[in-house]
Amino acid sequence: MGKTYYALYEKIYNPLNIWWAYKGAAKGKRYTPAVAAFEYDLEKNLIGIEEELRRETYQLGGYHSFEIDKPKRRLVNAAPFRDRVVHHALMNVIEPLFERQFVFDSYANRKGKGTHAALHRATYFLRRYPYVMHLDVRQFFPSVDHEILISILSRTIGDEQAMKLAQKIIS
């Protein structure tokens with residue numbers, strides 16, 4: 001792959017991107033122990049992530065699992081905060097590549113969409129049509145074939161190093 005594609009991976013470990021990734025990962029979780037511990041030595045942690053990504057030596061930490069009951073009972077696998085920063089760093093760079101491929105009426109975890117926009121759109125459809133079908137794919141991520149997911153992602157990402165990082169996170 002040529003220099004054009006390599007620039008994509010360079011954007012992931014760019015210091016400014018790492019900073020915004022940290023801000024995104026910390027949003028709404030600012031006063032949790034994991035974020036406080038990370039912020040205790042913030043500069044060292046951010047530079048460490050940048051260096052490890054640049055050298056391609058970044059290793060993911062272990063997930064911890066717990067159950068929640070709201071809105072329904074489900075198992076959550078949570079990544080360590082440091083890994084969440086890396087997830088955000090990757091997403092900051094690849095999300096624009098995928099955004100134009102998404103269905104217009106997909107609202108979860110998308111900039112400019114969200115719960116209120118989804119509610120507004122659902123209300124619009126409810127006033128026009130007599131039937132509604134509520135869908136939810138139960139335990140989607142653990143059940144999706146990760147090899148197929150990686151294959152689909154690689155068609156759009158095109159950068160070998162960025163794909164290695166995505167594959168590390170997915171697997």
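The following exchange concerns the nonpolar core and aromatic contacts of a predicted model.

User: Which helix supplies the largest share of the largest nonpolar core?

Analyst: The largest nonpolar core has 33 residues, and Ile12 and Leu53 are those with the most contacts inside it. Helices α1, α2, α3, α4, α5, α8 and α9 each supply at least two of its residues. The largest share, eight residues, comes from α5.

User: Leaving aside neighbours within four places in sequence, which residues are in contact with leucine 53?

Analyst: Leucine 53 is one of the two residues with the most contacts inside the core. Beyond its neighbours within four places in sequence, its contacts are Tyr9, Ile12, Tyr13, Ile18, Tyr58, Val86 and Leu165.

User: Is the pair of tyrosine 22 and phenylalanine 38 stacked or edge-to-face?

Analyst: The structure holds six aromatic pairs. For tyrosine 22 and phenylalanine 38, the ring centres are 6.1 Å apart and the planes lie at 25°. Planes under 30 degrees apart meet the cut-off, so this pair is stacked.

User: How many residues apart in sequence are the parts tied together by phenylalanine 38 and phenylalanine 81?

Analyst: Phenylalanine 38 is buried at 6% relative accessibility, and phenylalanine 81 is buried at 7%. Their ring centres are 5.0 Å apart with planes at 70°, so the pair is edge-to-face. Because phenylalanine 38 lies in α3 and phenylalanine 81 in α5, the pair ties together parts separated in sequence by 43 residues.

User: At what distance from the ring centre of phenylalanine 104 does lysine 113 lie?

Analyst: Lysine 113 lies over the face of tyrosine 107, at 4.7 Å from the ring centre. Lysine 113 also lies over the face of phenylalanine 104, where the distance from the ring centre is 3.7 Å.

How values were computed:
Residues are numbered from 1 along each chain as its sequence is written. This is a predicted model: local features need pLDDT of at least 70, side-chain atom pairs count only at pLDDT 80 or more; totals for chains, interfaces and linings use all residues. Side-chain values use heavy atoms; hydrogens and water are left out. A nonpolar core is a set of buried Ala, Val, Leu, Ile, Met, Phe, Trp, Tyr and Cys residues joined through side-chain atoms within 4.5 Å. Buried means under 20% relative accessible area, exposed over 50%, partly exposed in between (1.4 Å probe, protein chains only). Helices (H or I, at least four residues) and strands (E, at least two) are DSSP runs, numbered from the N terminus. Contact means heavy atoms within 4.5 Å. Rings of Phe, Tyr and Trp (its six-membered ring) pair if their centres lie within 6.5 Å; planes under 30 degrees apart count as stacked, over 60 as edge-to-face and the rest as tilted. A charge sits over a ring if NZ of Lys or CZ of Arg is within 6 Å of the ring centre and within 35 degrees of the ring normal.
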